[in-house]
Amino acid sequence: MSFIQTDIAGDYQIVRRAIELISENWRDQPELEELALAVGKSPSQLQKIFTRWAGLSPKAFLQAVTLDHARRLLAEPIPILEASYELGLSGPGRLHDLFVTHEAMSPGVYKARGEGLTLNYGFHDCPFGQALVMATDRGLAGVAFCDPGGERSALEDMKTRWPRARFVEDKASTANYAARSFDPARWRADDPLRVVMIGTDFEIRVWEGLLRIPVGKATSYSRIAETIGVANAPRAVGRAVARNPLSFVVPCHRVVGKSGALTGYHWGLTRKRAMLGWEAGVIAA
DNA sequence: ATGACATTCTTGT
DNA sequence: ACAAGAATGTCAT
């Protein structure tokens with residue numbers, strides 16, 4: 001049943017290496033052949049793996065994560081404020097803010113550092129390595145990432161966010177969230193994913209702003225600041241974006257520097273590139 | 001390209 | 001209270 005999922009998860013390790021090489025050596029435009037050699041595959045193998053994973057050829061992908069591309073996304077008239085505009089263009093189900101419904105935890109729960117909260121968690125294969133998925137009975141509460149072997153530290157990372165909460169490994173209860181989060185075919189407005197946001201008031205305002213960035217688009221930290229009415233606090237916005245506990249589902253990877261440069265990502269810049277490129281494939285499909 | 005600094009918010013002391 | 005730091009942005013070299 002999860003054959004495709006598993007394959008794509010396995011592909012990521014190869015693809016990740018290729019993306020790393022591309023981003024280290026983009027100046028000399030590495031040929032497919034060189035990349036293949038470096039990751040220990042034949043050119044045609046790499047081509048196939050890459051395309052299966054991203055829905056894009058390595059070349060198209062390279063263009064998608066290029067500085068120019070992010071710039072172009074930024075230059076487009078801001079669709080962020082006009083959800084219905086986008087809806088008409090790309091059809092229903094494509095918008096993140098429509099396939100996710102969110103509720104904010106009471107500030108009390110946040111202040112109590114998760115006291116009294118039970119978080120079920122599990123590790124699941126996904127197109128970006130291993131995803132650590134956490135959920136309460138109210139909905140999806142956390143998504144983190146790691147590569148094989150990094151499970152422990154990813155879990156620690158998440159635990160420090162809600163130090164007083166109870167953590168229970170329960171893969172069965174998180175599997176469905178994992179499957180839905182990474183399968184574009186299941187991003188449906190008529191059956192939205194239920195998420196709970198646990199954070200300060202300011203953080204939640206920022207995260208709600210993130211939910212309004214459509215798939216395959218990007219915005220800048222300063223634009224988010226403007227959108228939520230704190231035009232001169234782009235730096236504070238950056239901090240809040242960085243602390244987003246619901247990686248990918250709340251699309252913090254779609255925020256880049258004003259110049260279009262990918263400035264940072266808690267789970268690794270390579271993963272941010274991968275996500276943006278992968279989404280370009282989703283759009284193209 | 002590089003560096004200083006302005007500015008907002010959160011957190012640890 | 002206060003100081004330090006953060007996934008920024010801008011301006012001066």
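This briefing covers the DNA-facing surface, two buried strand residues, the salt bridges and one helix of the structure above. The model is predicted. Around DNA strand C there are 14 residues, and H13 gives the largest share of that surface. A search of the whole structure finds 11 salt bridges. In helix H9, buried and exposed residues lie on opposite sides.

**Surface near DNA strand C**

- Tyr221, Ser222, Arg235, Lys258 and His266 are the closest of the 14 residues that surround DNA strand C.
- Two helices, H12 (221-227) and H13 (234-242), each contribute at least two residues to the surface near the strand.
- H13 accounts for 6 residues, the largest share of this surface.
- By residue class, the surface near DNA strand C consists of 6 nonpolar, 5 polar and 3 charged residues.
- On the DNA side, sugar or phosphate accounts for 40% of the strand C atoms within 4 Å of the protein, and bases account for the rest.

**Individual contacts to DNA strand C**

- Tyr221 approaches a base: a polar atom of the Tyr221 side chain is 2.5 Å from a base nitrogen of DNA strand C.
- Ser222 approaches the phosphate through its backbone, with a polar backbone atom 3.1 Å from a phosphate oxygen of DNA strand C.
- Lys258 also places a polar backbone atom by a phosphate oxygen of DNA strand C, at 2.9 Å.

**Val133 and His124**

- Val133 belongs to strand S3 (residues 129-136), and His124 belongs to strand S2 (residues 118-126).
- Val133 has a relative accessible area of 1% and is therefore buried.
- His124, with 8% relative accessibility, is also classed as buried.
- Leaving out residues up to four places away in sequence, Val133 touches Asn120, Tyr121, Gly122, His124, Leu140, Gly142, Thr174, Tyr177 and Ala178.
- Val133 and Tyr177 are 44 residues apart along the chain, while their C-alpha atoms are separated by 7.5 Å.
- With the same sequence neighbours left out, the residues touched by His124 include Val133, Lys171, Thr174, Ala175 and Ala178.
- Also touched by His124 are Gly129, Gln130 and Ala131.
- The side chains of His124 and Thr174 make a polar contact of 2.7 Å.

**Salt bridges**

- Side chains of opposite charge can pair when their charged atoms come close.
- Arg52 and Asp11 form a salt bridge in which the closest N and O atoms are 2.9 Å apart.
- This pair links distant parts of the chain, with Arg52 in helix H3 (residues 43-54) and Asp11 in helix H1 (residues 3-24), 41 residues apart.
- Arg52 is partly exposed at 42% relative accessibility, whereas Asp11 is buried at 6%.
- Asp191 and Arg180 meet through their side chains in a salt bridge with an N to O distance of 3.9 Å.
- The two residues are 11 residues apart: Arg180 is in helix H10 (171-181), and Asp191 is in the loop between H10 and strand S6 (193-197).
- Asp191 is partly exposed, with a relative accessible area of 43%, and Arg180 counts as buried at 12%.
- Glu279 and Arg254 form a salt bridge between their side chains, at 2.9 Å from N to O.
- Here the pair joins helix H14 (residues 269-284), which holds Glu279, to the loop between H13 and strand S8 (255-256), which holds Arg254; the separation is 25 residues.
- Glu279 is buried with a relative accessible area of 0%, and Arg254 is buried with a relative accessible area of 0%.
- Arg16, Asp147 and Arg271 are joined into one network by salt bridges that share partners.

**The two sides of helix H9**

- Ala154, Leu155 and Met158 are buried in helix H9 (residues 151-159).
- These residues cover an arc of only 100 degrees around the axis, so they lie on the same side of H9.
- Arg152 and Ser153 are exposed on the other side of H9.
- The elements covering the buried residues of H9 include S2, S3, strand S4 (139-146) and strand S5 (166-169).
- Among these covering elements, S2 is the strand of His124, and S3 is the strand of Val133.

Methods
Residues are numbered from 1 along each chain as its sequence is written. Chains are lettered from A and ligands numbered from 1 in the order in which they are written. This is a predicted model: local features need pLDDT of at least 70, side-chain atom pairs count only at pLDDT 80 or more; totals for chains, interfaces and linings use all residues. Side-chain values use heavy atoms; hydrogens and water are left out. A residue is near a molecule or strand if one of its heavy atoms lies within 4 Å of it. A polar contact is a pair of N or O atoms within 3.5 Å; within protein, one must be able to donate a hydrogen and the other to accept it, and residues adjacent in sequence count only if both atoms are side-chain atoms. Helices (H or I, at least four residues) and strands (E, at least two) are DSSP runs, numbered from the N terminus. Ala, Val, Leu, Ile, Met, Phe, Trp, Tyr, Cys and Pro count as nonpolar, Asp, Glu, Lys and Arg as charged, and the others, Gly among them, as polar. Buried means under 20% relative accessible area, exposed over 50%, partly exposed in between (1.4 Å probe, protein chains only). Contact means heavy atoms within 4.5 Å. A salt bridge is a side-chain nitrogen of Lys or Arg within 4 Å of a carboxyl oxygen of Asp or Glu. The arc is that of the directions from the helix axis to the C-beta atoms.
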